[in-house]
Amino acid sequence: MDIKLNTQEKVSPMTTCAGCPIGLVARTVLNSVEGPVVVTGATGCMEVTSTIYPNTSWKVPYIHSVFANAGATISGIETAWRAMAKKGKVQVEENPRFIAFAGDGGSYDIGLQALSGALERGHDFLYVVYDNEGYMNTGHQRSGATPIGSNTETTPAGKESIGKAVRRKDLMQIVVAHRPAYAATANIGFLSDFERKVKKALATKGPTFILVFSPCVPLWKYQESQTINIARLGTETNFWPLYEYEEGKYKLNYRPKKKIPVEEFYKTQGRFKHLFKREDKEEIFANIQKINDQEWQRVLELCGENIVGKDK
Amino acid sequence: MATKRTTEKKVALTGGFAVGEALRQINPDVMAVYPITPQTPIVEAFAKKVADGLADTEIIKVESEHSAMSACIGASASGARVMTASSSQGIMYMMEVIPVAAAMHLPIVMVVANRAISGTINIHNDHSDAMAMRDFGWVQIFSESVQEAYDDVFLSLKLAEKVSLPVAPNLDGFFITHTVENMTLLSDETVKKFVGEYQPKNYLFNFSEPVTFGPLTLPDSYMDIREELYQTMKKVPETFREITREFAEISGREYDFVEKYKLEGAEKVIVAMGSIAGTIKEAIDNLEKKGIKVGLLKIKMFRPFPYKEVAEALREAKDVVVMDKNLSMGAKQVLEGDVFQAVGDKKKIRSVVYGLGGRDVFVKEIEELIGG
C-alpha cells in the first residue's frame with residue numbers, strides 16, 4: 001500500500017486500546033479534507049478516547065453532544081453555515097466541510113432516526129460510521145451490527161445460546177433507501193479504497209455516507225497486531241463487501257480472487273470460539289455461510305455483477 | 001419615551017401568533033422545530049412569515065424533538081442565533097439534550113407552550129413540562145398574558161445572549177397560545193435595536209481558534225464544571241434586571257422577578273405563576289369590595305428562583321397559599337417547596353394543586369380558597 005503520512009495532522013493520536021483502528025479512521029477522513037472542517041462525534045469509543053478534559057485530539061472545531069444525535073447535530077451546524085452565509089455573517093469562501101463520526105451503536109441503533117432525518121432533509125455533510133459490530137465503550141454488548149453467532153455480554157454463548165441468534169441489519173441499504181448523494185462501504189484494511197471514497201464524498205454536494213469496517217480487539221478477541229489482516233479477511237470472505245452507490249447506481253469495488261468460506265473469518269476471533277466447540281457446529285456454519293452467500297449475491301445483483309458461476 | 005413608542009401597534013392576537021410575530025421581528029438565523037400541540041400555532045405563524053419572505057430564518061424541519069434540540073445545539077455552537085419552541089412530550093423527548101445546551105453555555109431560546117405530560121394523554125395546559133426541565137441550567141420565566149408572552153421572547157433572547165445560558169419563556173398552552181387578547185406590538189426597528197446582533201465568544205466557525213465542545217469530563221473535573229454552571233446561574237438576576245429596565249424604556253412595560261398585586265399590607269397572599277394570575281387578580285378585586293384584603297405574588301422568574309424577593313414580598317403575610325399547576329409525586333409541590341425555602345417555617349403555607357391537564361379554575365373558586 002502506498003500511504004504517505006501527512007505531517008499536518010488535523011487530529012492527534014487518541015487514547016484507544018492497542019490495535020484499535022478508529023484513530024486511523026479519523027485521520028484518513030480528516031487528512032482528505034482541504035480547507036476548514038467542522039466535526040461532530042456521537043458518544044462512543046472515538047469520542048471518549050479523543051476528548052478527555054482538559055485535553056483534546058481535535059485540531060479542528062469539534063462538538064460532541066450525546067449518543068443519538070450525530071445526524072441532527074451536523075444538520076444544525078450545516079444549516080447554521082447556510083443561514084449565516086446568506087446574512088453575510090461568515091466568510092462564504094471558506095466553504096467548510098461538515099463531518100459526523102459515529103459508531104455502529106450510534107448509527108444502526110440509537111442514532112438511526114437522527115441519521116435518517118438528516119439524509120432525508122438533504123443537508124450537505126459526510127457521515128462516517130466506524131463499525132466495530134457492537135457496543136464497546138460500555139463493555140462489549142451486542143448492537144444491530146453484531147453478526148450472528150457473536151458472544152457478547154448481552155448475548156452470551158452457553159449451552160442454550162450460540163451467542164447472538166439473529167443476523168445483523170444492513171445499514172448501507174437503509175441509507176441508500178434515502179437516495180443520498182453518495183454512499184459506500186469501506187474497510188480499514190483497504191485504506192486506499194477508503195481514502196478514495198472519502199475524497200469522493202467530500203467532493204459531492206448533499207448527504208454522503210461511508211460505512212467503515214473497523215475491527216475491535218477487546219470484543220472480537222484477537223492479537224492486537226492482526227487488526228488489518230482480520231479487516232481484510234472480512235472482505236476476502238465476502239463478509240464485508242466493498243461497494244458504492246452514486247446517482248442511483250451501484251458499483252462493486254473489490255471482488256475476491258477465490259471464494260473463502262466465511263468460517264475462515266470466524267476462526268480468527270475469540271468472539272466466535274464457542275461455535276467451533278459445539279456439536280452442531282456444521283449446521284451452524286452452514287446457516288452462517290448461507291446468510292453470507294445471500295448477502296453477497298444481493299450485492300452482486302445490485303452492482304450488476306450477477307454471475308455466481310464466476311465465483312471459483 | 002412617548003415618542004419612541006409612536007410606531008407601536010395595538011392589535012388583538014392569540015399568544016401563538018404574537019410569539020410568531022416576535023420571532024419574525026427577531027429573525028433568528030436558525031430554528032429547528034417539530035410540531036406538537038399547543039406549540040404549533042407559534043411555529044405555523046412563523047413558517048408562514050418565512051414563506052412570505054418576511055423573515056429569512058433557516059427552519060430545520062427535524063424528525064423529532066430530540067433532533068430539534070440537537071440541531072439547535074449544533075447551530076448555536078456554530079455561532080448562530082438560534083430559537084425553537086416545544087411542549088410537553090416534546091420537552092420530555094428532548095430531555096436528554098436539554099442539559100447539554102446549558103452545559104455548553106449556548107444562548108438558545110426555547111418558547112415552551114406549557115402542556116400536561118402523558119401517562120394518560122392530555123394536550124391541555126399545566127406546568128409539568130416546565131417542572132421536568134427545571135434543574136439543568138435553563139433560565140425559566142413565566143408569562144401571564146399574550147402581551148407578556150410576546151415581551152418575554154425579547155427579554156429571553158437578550159438575557160440568553162448576555163449570560164450565555166439557554167432561556168425558556170413559558171406560556172400556558174391554550175389559555176395563552178390560543179386565546180385572543182388586546183396587546184401592543186413593538187415596531188420592527190425598536191426590536192432590532194433592543195436585541196442587537198449576537199456576538200458569540202467560543203464557536204465552531206472560528207476556524208483559526210478551533211474549540212472542542214462537549215468533552216469527556218472525569219471525576220477530577222466534572223464537579224467543578226457543574227459548579228461553574230451553578231455560579232453562572234447566579235449572575236442571571238442582575239442581568240435580567242438591567243434588561244427589564246432597558247425594556248421598560250422602549251415599551252413602557254415593567255417586569256421584575258416577581259409581580260406584586262395589592263400585596264402591600266396583605267396578610268392573605270396567593271403565590272402562583274402563569275395565566276392563573278389574571279383570574280386571581282379578579283378574585284382579589286372582588287374580595288376587596290367585600291372588605292377582604294388579599295394580595296398576589298406572581299412568580300415571573302422561576303429559575304433561578306428569586307428567594308430573596310419572595311421572602312421580602314411575603315414579610316407581612318400570615319396566610320400564604322401556594323398554587324402549583326403540577327403534581328410532584330411522593331413529595332411536597334415544587335413551588336410550595338421553593339416558597340418554603342424562601343420564607344422558612346415562619347409563615348403558614350398552604351399548598352393547592354390546580355388545573356392539571358387544562359381543568360378550569362374559576363374566579364369564585366379562588367375567592368373561596370382564600371376569602372374564608
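**A strand sheet shared by chains A and B**

Helix α7 (residues 191–202) of chain A lies across β3 (97–103), β4 (125–131), β7 (182–187), β8 (207–213) and β9 of chain A, and its direction makes an angle of about 160° with β7(A). Axes here are lines fitted to C-alpha atoms, for helices over the stretch in contact, with angles from 0 to 180 degrees between N-to-C directions. Helices (H or I, at least four residues) and strands (E, at least two) are DSSP runs numbered from the N terminus. The model is predicted, so that local features need pLDDT of at least 70 and side-chain atom pairs count only at pLDDT 80 or more, while totals for chains, interfaces and linings use all residues. Residues are numbered from 1 along each chain as its sequence is written, and chains are lettered from A and ligands numbered from 1 in the order in which they are written.

The complex received an ipTM of 0.96 and a pTM of 0.96 from the predictor. For chain B the average pLDDT (the predictor's confidence in each residue, from 0 to 100) is 96, and 98% of the residues score at least 70.

An open sheet of 9 strands with mixed pairing follows the order β10(A)-β9(A)-β7(A)-β8(A)-β4(A)-β3(A)-β1(A)-β2(A)-β9(B). Its edge strands, each paired on one side only, are β10 (249–252) of chain A and β9 (212–213) of chain B. Two strands pair if DSSP finds at least two bridges between them. Strand β9 (residues 243–246) of chain A is joined to β10(A) by 4 bridges in the antiparallel sense, and A:E246 stands opposite A:K249 of β10(A). Strand β2 (residues 62–64) of chain A pairs with β9(B) in parallel over 2 bridges; A:I63 has B:F213 as its bridge partner there.

Between the chains, 36 residues of chain B are in contact (C-beta atoms, placed from the backbone, within 7 Å) with 39 residues of chain A. On the chain B side, β2 (30–33), β3 (58–61), α3 (65–78) and β9 give two or more residues each. The most come from α3(B), with 10 residues. By class, this side has 21 nonpolar, 10 polar and 5 charged residues. Ala, Val, Leu, Ile, Met, Phe, Trp, Tyr, Cys and Pro count as nonpolar, Asp, Glu, Lys and Arg as charged, and the others, Gly among them, as polar.

In chain B, helix α11 (residues 276–289) contains B:L287. B:L287 is partly exposed because 19 other C-beta atoms lie within 10 Å; 20 or more would make a residue buried, 12 or fewer exposed. Not counting residues up to four places away in sequence, B:L287 touches B:I292, B:V294, B:E367 and B:G371.

Notes
Contact = placed C-beta atoms within 7 Å.
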